[in-house]
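Colleague: I should like a close look at a single part of this protein, namely its salt bridges. Please describe which side chains pair and where they lie.

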Amino acid sequence: FSQPVLVRAEGFGPFPVKNFQPFQQMVLSLPGDRAAVVKPGTVDVRLELAETASIYNENSPQTNVTVKFETLRSGLFLRYGAMDRLELGLEVPMLYRYQGFMDGAITATERATTGLNPARAAFKNNNFLFNTTRNGQTMMNGGPGAMGLGDTTLMSKYQLLMEGAAMPAVSLRGAVKLPTGDQSAFFGSGSPDFGLGLAVEKLVAGRWILYANVTGVVPTGTIAGLGLRPTLSGLVAFEYLWSENLSITAQFDFYTSPFSGTNSAVLDHGVTESVLGFSYRVAPRFLWQVYGVENLDFIRGSASDFTVSTVLTYRFESGLSRQ
């Protein structure tokens, strides 16, 4: 750490964060990604484990949301360089909802910094809560230990512009969400969704790489009887290349909600979060990433409380991709 070596002008990209909010995650949300595509014949196999703590205590004239649980999302992501500028991807997630293990650490951190979350203080004697009602009728609920398949996502990325001295790299991204998720456990919407967006990246000042994503999603169907509207999401990330094998990244993400008109801040409001973590190349083809996602919606109350994730990526290269 004290003697960083000169780096190559290649970063690891933004963290593959998506909207982990327990209700909004049932609608398609593309993970953060760089503009550069993998070389033809290259296959990336990525395993992500993301632990998200969610806590809400909302009572409005129409909608009540009582939630205290954690969700472990394990995602298998495959990425393939199909052509010189075309990359194809597939993600299959598994979800597990339970009482979790982060409550003590989050409580201690809140008491030492911003003060204890009112919902956490109200639910201090409860390990697990999951119940939402609308006009006195139950919409979504469940008990601890629910496990099931999430919705599968098919993705593609085509690089429109290669990075130059002044020009950033720009790619067009597309995605289709397939309704493979367990609807009874509220791990999926039961309907397909469609997404389209742009990814941009640019090396600046030798060791810094800037990234930006913007994505629009058109969901179909309903969730728990609630209609869905198109969503818009975006991220900005700053990656510092400490060395050829290590980088540190700060990232900011925003997601609009697919719900509207419920008079619930948890459902209707967007999500704003900050992300901080590192990427480390353990071996020439093996990348390890760790990041944390902090809720910035202190007043709006829509984002999940905190997410911690680790990502392992192994790259298989054919003779064509090494040329």
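Modeller: The salt bridges are taken up below, pair by pair.

This is a predicted model, in which local features need pLDDT of at least 70 and side-chain atom pairs count only at pLDDT 80 or more, while totals for chains, interfaces and linings use all residues. Residues are numbered from 1 along each chain as its sequence is written, and side-chain values use heavy atoms, with hydrogens and water left out.

A salt bridge here is a side-chain nitrogen of Lys or Arg within 4 Å of a carboxyl oxygen of Asp or Glu; by this rule there are 17 salt bridges. One of them joins D33 and R79, with an N to O distance of 3.4 Å. Because D33 lies in the segment before strand 1 (43–59) and R79 in strand 2 (residues 63–81), this pair ties together parts that are 46 residues apart in sequence. Strands are DSSP runs of E, at least two residues long, numbered from the N terminus. Both D33 and R79 are buried, a term that means under 20% relative accessible area (1.4 Å probe, protein chains only).

The side chains of K157 and E87 also form a salt bridge, at 3.5 Å from N to O. K157 belongs to strand 7 (residues 152–161) and E87 to strand 3, so that the pair links distant parts of the chain, 70 residues apart. K157 counts as buried because its relative accessibility is 2%, and E87 is buried with a relative accessible area of 4%. Through shared partners, salt bridges join D33, D44, R79, E87, K157 and R315 into one network.

A further salt bridge connects R73 and E91 at 3.2 Å, N to O; R73 is in strand 2 and E91 in strand 3 (residues 86–98). R73 and E91 are both buried.

Terms used:
Helix = DSSP H or I, 4+ residues; strand = E, 2+ residues; numbered from the N terminus. Buried < 20%, exposed > 50% of the residue type's maximum accessible area, 1.4 Å probe, protein only.
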